[in-house]
Amino acid sequence: MNENNLKQCHHELPSKKAPGINATTKEEYELDLDRNISNLVKRMKSMSYRPTPVRRTYIGKPGTTKKRPLGIPEHEDKIVQRAISKILNAIYEQDFLDSSFGFRPKRNCHDAIKILNHYIDKKHVNFIVDADIKGFFDNVNHRWMMEFLKERITDPNLLRIIARFLKGGYMEEGRLFPTEIGTPQGGIISPILANVYLHYVLDLWFEKVVRKKCKGQAYIVRYADDFVCCFQVKEDAEHFYHSLVKRLRKFNLEVAEDKTKIIPFGKYAERNLKTTLFKKPPTFDFLGFTHYGSRGKTGEYLTKVKSSSKKMRAKLKECKEWLKANRNKDIHEVKKRLDRSLVGYYNYYCLTYNVRYVDNFLDKIKKLFFKWMNRRSQKKSFNWDKYNLFLKRFPFRKPKLKHSIFELKKEISYIL
């Protein structure tokens with residue numbers, strides 16, 4: 001971590017982001033960049049560098065009234081975190097298993113969804129363990145984290161800096177709170193630390209212990225702290241669930257029992273459920289998509305996806321609040337802002353089988369837009385005929401297929 005690399009990390013950081021407790025922005029730090037970076041390197045070499053406590057804020061969780069804590073570091077700490085993240089990625093990328101997809105180069109959430117659907121459709125999968133770790137980022141054990149890092153890192157100075165980030169604390173309402181557990185969620189270093197922790201806690205354990213004891217086939221797909229496990233035999237799924245509770249407890253984690261379940265799913269699930277009270281196989285959510293069983297044109301079994309209703313409702317509520325707060329702005333500016341938001345939504349949700357659900361989402365956005373543009377004064381601005389003429393001249397972008405669920409990247413296809 002020399003001056004040139006730290007300067008490069010500074011330039012790679014995005015501008016106009018929320019500052020930390022000292023309110024230092026990227027632009028302000030750049031005014032005297034050479035001296036600031038030089039001073040930072042000296043402090044790191046003398047081990048006098050200590051991260052500033054992060055600024056604690058809260059963001060809403062989709063589909064619930066609960067808030068998720070978020071730590072916003074100082075800009076200088078973001079530079080160091082980015083540099084450390086590059087080092088950790090270079091070390092661990094060759095160690096991480098193929099089942100891990102979160103925050104890794106040349107891998108994304110769509111790849112995780114594609115490989116999961118391939119396992120269900122093409123392999124012998126009859127049962128799904130849809131698991132959720134309760135408050136993962138808030139409960140990571142620092143002692144275990146450092147033990148895991150020591151497996152691959154021998155430099156005591158780097159380990160000491162990482163430990164200081166873990167124990168850096170946070171500021172809330174003018175008070176300093178120490179952090180004895182958890183990782184700084186919101187920091188650049190959090191994703192790679194989460195991957196390291198779950199690599200040892202979950203991935204290696206599943207590959208080296210669980211799969212060897214299974215009577216049938218077993219697969220796991222993990223994206224950060226979200227994961228789904230597939231089993232051929234129900235007994236294997238039930239044994240894994242009970243073992244998972246004990247395994248996570250050992251590392252200061254616990255399963256969210258209200259969100260974790262074993263469900264029959266796959267090409268034989270519908271046939272097997274005819275003798276039960278279920279009319280059709282249940283569904284499960286993963287990475288914002290609801291997975292459900294269906295049939296293709298020739299009658300073959302297919303696992304299809306659609307936008308999670310909980311996520312869609314949360315997005316519509318967010319859009320409604322924004323339109324309500326900005327309804328008095330110029331209508332064309334409001335329209336442009338909605339278009340930008342829709343492009344991001346399309347890029348994520350326009351998968352095979354899901355375009356019609358995204359089109360339904362667009363219809364709801366159009367209705368919200370009509371409603372709040374009519375509430376800019378006591379007099380209505382639009383009727384439906386006038387509104388349709390406006391949309392004919394300034395149409396919303398229509399959703400189109402962005403990702404085929406059947407096309408796997410070369411980097412992913414070798415797993416099979």
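This passage describes the sheets, the helices packed on them, a pocket and one buried residue in a predicted model.

Two open sheets are considered, beginning with the one formed by 4 strands in the order E6-E7-E3-E8, in which the pairing is antiparallel. Its edges are strand E6, covering residues 218-223, and strand E8, covering residues 261-264, each of which pairs on one side only. On average, and with direction ignored, neighbouring strands of this sheet are turned by 20° against each other. Within the sheet, strand E3 (residues 127-132) and strand E7 (residues 226-231) run antiparallel and are joined by 6 bridges, and Asp130 stands opposite Val228 in E7.

Helices also pack on this arrangement of strands. Helix H5 touches E3, E6 and E7 as it packs on the sheet, and the direction of the helix makes about 165° with that of E6. Helix H9, which spans residues 190-213, lies across E6 and E7 and runs at about 175° to E6.

The other open sheet consists of 3 strands in the order E9-E10-E11, again with antiparallel pairing. Strand E9 (284-286) and strand E11 (301-307) are the edge strands, and each of them pairs on one side only. Neighbouring strands here are turned against each other by 40° on average, direction ignored. The pairing of strand E10 (residues 289-295) with E11 is antiparallel and extends over 7 bridges, with Tyr292 standing opposite Lys304 in E11. Helix H5, residues 109-122, lies across E9, E10 and E11 and runs at about 150° to E11; H5 is thus in contact with strands of this sheet and also packs on the sheet that contains E3, E6 and E7.

A further set of pairings involves strand E1, which comprises residues 54-60 and pairs in the parallel sense with strand E4 (residues 170-172) over 2 bridges. In this pairing, the bridge partner of Arg55 in E4 is Met171. With E2, by contrast, E1 pairs in the antiparallel sense, over 6 bridges, and Ile59 is found opposite Arg68 in E2.

Strand E2 also contributes to the second largest pocket, which has a volume of about 330 Å³. Of the 21 residues lining this pocket, those closest to its centre are Pro14, Lys17, Ala18, Ile72 and Lys78. At least two lining residues are supplied by each of helix H2 (26-30), strand E2 (67-72) and helix H4 (75-92), and the largest share, 3 residues, comes from E2. In terms of residue character, the lining of the second largest pocket divides into 8 nonpolar, 7 polar and 6 charged residues.

Helix H4, which supplies part of that lining, also contains Ser85. Ser85 counts as buried because its relative accessibility is 8%, a value that falls under the 20% limit applied to buried residues. When residues up to four places away in sequence are not counted, Ser85 touches Ile188, Ile189 and Ile192. Along the chain, Ser85 and Gly71 are 14 residues apart, and their C-alpha atoms are separated by 17 Å.

Notes
Residues numbered from 1 in each chain as written. Predicted model: local features only at pLDDT ≥ 70, side-chain atom pairs only at ≥ 80, totals over all residues. Heavy atoms only, no water. 1 Å grid on protein atoms, 1.4 Å probe; cavity = no way out; pocket = protein on both sides within 12 Å on 5 of 7 lines; lining within 4 Å. Points joined across faces, edges and corners; volume = space filled by probe spheres on them. Nonpolar A, V, L, I, M, F, W, Y, C, P; charged D, E, K, R; others polar. Pairing = 2+ DSSP bridges. Axes fitted to C-alpha atoms, helices over the stretch in contact; angles between N-to-C directions. Contact = heavy atoms within 4.5 Å. Buried < 20%, exposed > 50% of the residue type's maximum accessible area, 1.4 Å probe, protein only.
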